[in-house]
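Let's take a walk through this protein, starting with a single side chain and working outwards. Keep the viewer open as you read.

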Amino acid sequence: MKPRLFRTTSVRLAALGVGFATLSTGIVFAIVYLGTLGAIRATIDADIDNEIAEITTQGPTTPLPAITAAVRGAIAAPPGGTFYLLTGPTDHPIAGNLAIPMPRPGWHNLTAPASHPFAPHITNLRARAEPLGTTGATLLVAENATILAELDQLIRRSFILAFIVTLALGIAGGIAFGRRALSRIEAVSEAGETIMKGDLTRRIPLSRAGDEFDHLATVINTMLARIEDLMNNIRAVGDEIAHDLRSPLARLRESLELLLLDPTRLTPDRIVPAIEDAITQVDATLALAAGILRLAQIESGARRTGFAPIDLTTLLTEIAETYEAVAEDAGTTLLTTIDPNLTIEGDATLLTQCLANLLENAITHGRATPPARSTIHLTARSTPPTITIAIADNGPGIPAPRHAEALRRFGRLDPSRTTTGHGLGLPLAAAIATLHDTTLTLTPTHPDSHGLTVTLILNGYEISG
């Protein structure tokens with residue numbers, strides 16, 4: 001048995017339980033012991049008092065000859081479960097059926113040796129010695145108390161047996177639960193060591209018992225799955241960043257290299273365009289870095305401190321007015337339906353950026369196939385206790401199997417990367433939604449899978465776009 005078994009919480013809780021069980025057993029023993037034996041002893045004492053009262057009919061002034069006659073008459077009368085001893089002033093026996101030295105006045109528990117009982121099957125007596133006034137004599141009346149002694153031993157043995165059984169069961173249960181808990185902890189430790197070595201697919205096994213260990217394991221496994229997704233995302237993001245940075249840097253290097261290889265090109269009319277092109281490539285690289293940093297800041301949750309009530313109706317109206325002209329220039333019609341008095345808690349700047357990204361994506365990628373005219377419908381309706389905002393286009397949409405890819409950082413559905421952007425629009429909107437405790441999902445606008453609608457659910461609010 002491993003020594004650390006006895007340091008487990010289960011064993012310690014079992015030991016604590018054994019302690020409380022032992023204490024409870026002791027209390028029950030005290031109640032039974034004192035209550036039962038006390039009731040029997042009180043009954044015997046009452047019988048002795050009544051017997052003494054019948055013998056000393058006149059109390060302390062009862063004549064000694066009358067007491068002697070009463071004692072002898074009591075001895076002669078059946079049954080024989082009561083014992084008497086009457087002694088004179090010098091403690092010499094006068095009458096009685098009990099051959100023992102007279103004890104001092106008061107109550108006594110008398111025990112005879114097992115080999116010399118007071119009478120057949122009687123080894124214990126409950127007795128009272130009573131001085132008899134001025135006569136100098138003493139009367140002792142005793143009742144059979146063997147059953148009292150036997151009951152005393154029975155209760156004591158029962159308590160000891162119950163204590164041993166309780167202790168044994170408690171220790172056995174503690175060891176069993178401790179072993180089980182230790183095996184579960186060792187399974188967690190083993191899984192943790194495997195994960196630390198790089199195997200992010202490892203999970204903590206479940207016992208299917210539905211206990212607190214399974215609940216904790218489920219939470220940890222969910223966390224591990226999230227970490228695995230993040231690590232896979234980081235690997236993919238690293239490749240995407242390298243790919244997106246390589247193109248502008250390669251073009252910048254090529255432009256500068258051409259200038260150096262052909263000095264005749266170093267004329268003012270060519271240097272200025274070359275510098276402008278270099279600045280454009282650097283700006284693209286800086287924009288990519290800024291987007292990554294902004295996404296990281298939003299995902300860290302640092303912007304939650306800026307949450308405040310937002311007049312959503314005004315915010316949406318202003319965004320719609322801004323993008324109406326942009327949509328018109330792109331040959332798209334922007335329609336709006338916004339309910340009045342819409343208010344939510346959040347970061348107005350981030351929500352503006354989120355909705356702007358969704359509108360820009362809809363304008364850029366949601367163009368309908370001619371001759372149909374591209375249309376974007378922005379709606380904001382109060383659906384207590386939620387608010388539903390929808391931005392729906394009638395473009396080609398995104399196939400359902402590629403929805404997750406569209407929401408991934410640098411997830412570009414154009415593998416040739418001929419379109420502008422770095423694939424951060426939807427991921428940035430999703431991060432802002434997550435900051436507002438919202439889940440962003442993509443669904444088709446029409447049953448035939450054409451068009452795109454993005455849905456976010458935020459605590460008491462539902463935002464769709």
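Is His-108 buried or exposed? This is a predicted model, and in it His-108 has 11% relative accessibility, under the 20% cut-off, so it counts as buried. You'll find His-108 in strand β3, which covers residues 106–111. Its side chain has a polar atom 2.6 Å from the backbone oxygen of Arg-104. Leaving aside residues up to four places away in sequence, His-108 touches Pro-103, Leu-125, Arg-126 and Ala-127.

Now zoom out for a moment. The protein has nine helices and 13 strands. Its chain runs to 465 residues, of which 35% count as buried. The accessible surface comes to about 26300 Å², and carbon and sulfur atoms own 63% of that. If you look at contacts with a sequence separation of 6 or more, 61% of them are between residues 24 or more positions apart.

One helix deserves a quick length check. Helix α3 takes in residues 146–196, which makes 51 residues. At 1.5 Å a residue it should span 75 Å, and its end C-alpha atoms sit 73 Å apart, so the two figures agree. Just after α3 comes Gly-198, with a positive phi of about 120°.

Next, the cores. In soluble globular proteins, nonpolar side chains tend to be buried together. Here the largest nonpolar core has 40 residues, and the members that touch the most others are Leu-312, Ile-389, Ile-391 and Leu-440. Several elements each put in at least two residues: helices α6, α7 and α9, along with strands β9, β10, β11 and β12. The largest share is that of α7, with nine residues. To get a feel for the packing, pick Leu-440: beyond its neighbours up to four places away in sequence, Leu-440 touches Leu-407, Ala-429, Ala-430, Ala-433, Val-454, Thr-455 and Leu-456. Another core lies apart from this one; it has 21 residues, including Tyr-33, Val-71, Ala-74 and Ala-145.

Two of the strands that feed the largest core are worth following further. How many bridges join β9 to β10? There are eight, and the two strands run antiparallel. A hairpin connects β9 to β10 through two residues. For one facing pair, look at Thr-379, which stands opposite Ala-390 in β10. Why can β10 be called largely enclosed by the rest of the structure? Because seven of its eight residues are buried.

Stay with β9 and go to Ser-374, which belongs to that strand. Ser-374 has 6% relative accessibility, so it counts as buried. Its side chain reaches the backbone nitrogen of Ala-368 at 2.7 Å. Ala-368 also appears among the residues that Ser-374 touches once those up to four places away in sequence are set aside; the others are Gly-331, Thr-332, Thr-333, Gly-366, Arg-367 and Asn-394.

Last stop: Ala-278, in helix α5, residues 268–299. With 14% relative accessibility, Ala-278 counts as buried. Compare its place in sequence with its place in space: Ala-278 and Arg-251 are 27 residues apart along the chain, while their C-alpha atoms are 8.4 Å apart.

Key:
Residues are numbered from 1 along each chain as its sequence is written. This is a predicted model: local features need pLDDT of at least 70, side-chain atom pairs count only at pLDDT 80 or more; totals for chains, interfaces and linings use all residues. Side-chain values use heavy atoms; hydrogens and water are left out. Helices (H or I, at least four residues) and strands (E, at least two) are DSSP runs, numbered from the N terminus. Buried means under 20% relative accessible area, exposed over 50%, partly exposed in between (1.4 Å probe, protein chains only). A polar contact is a pair of N or O atoms within 3.5 Å; within protein, one must be able to donate a hydrogen and the other to accept it, and residues adjacent in sequence count only if both atoms are side-chain atoms. Contact means heavy atoms within 4.5 Å. A nonpolar core is a set of buried Ala, Val, Leu, Ile, Met, Phe, Trp, Tyr and Cys residues joined through side-chain atoms within 4.5 Å. Two strands pair if DSSP finds at least two bridges between them. Accessible areas come from the Shrake-Rupley method with a 1.4 Å probe; for residues, only the protein chains shown count as cover. The expected span of a helix is 1.5 Å times one less than its number of residues.
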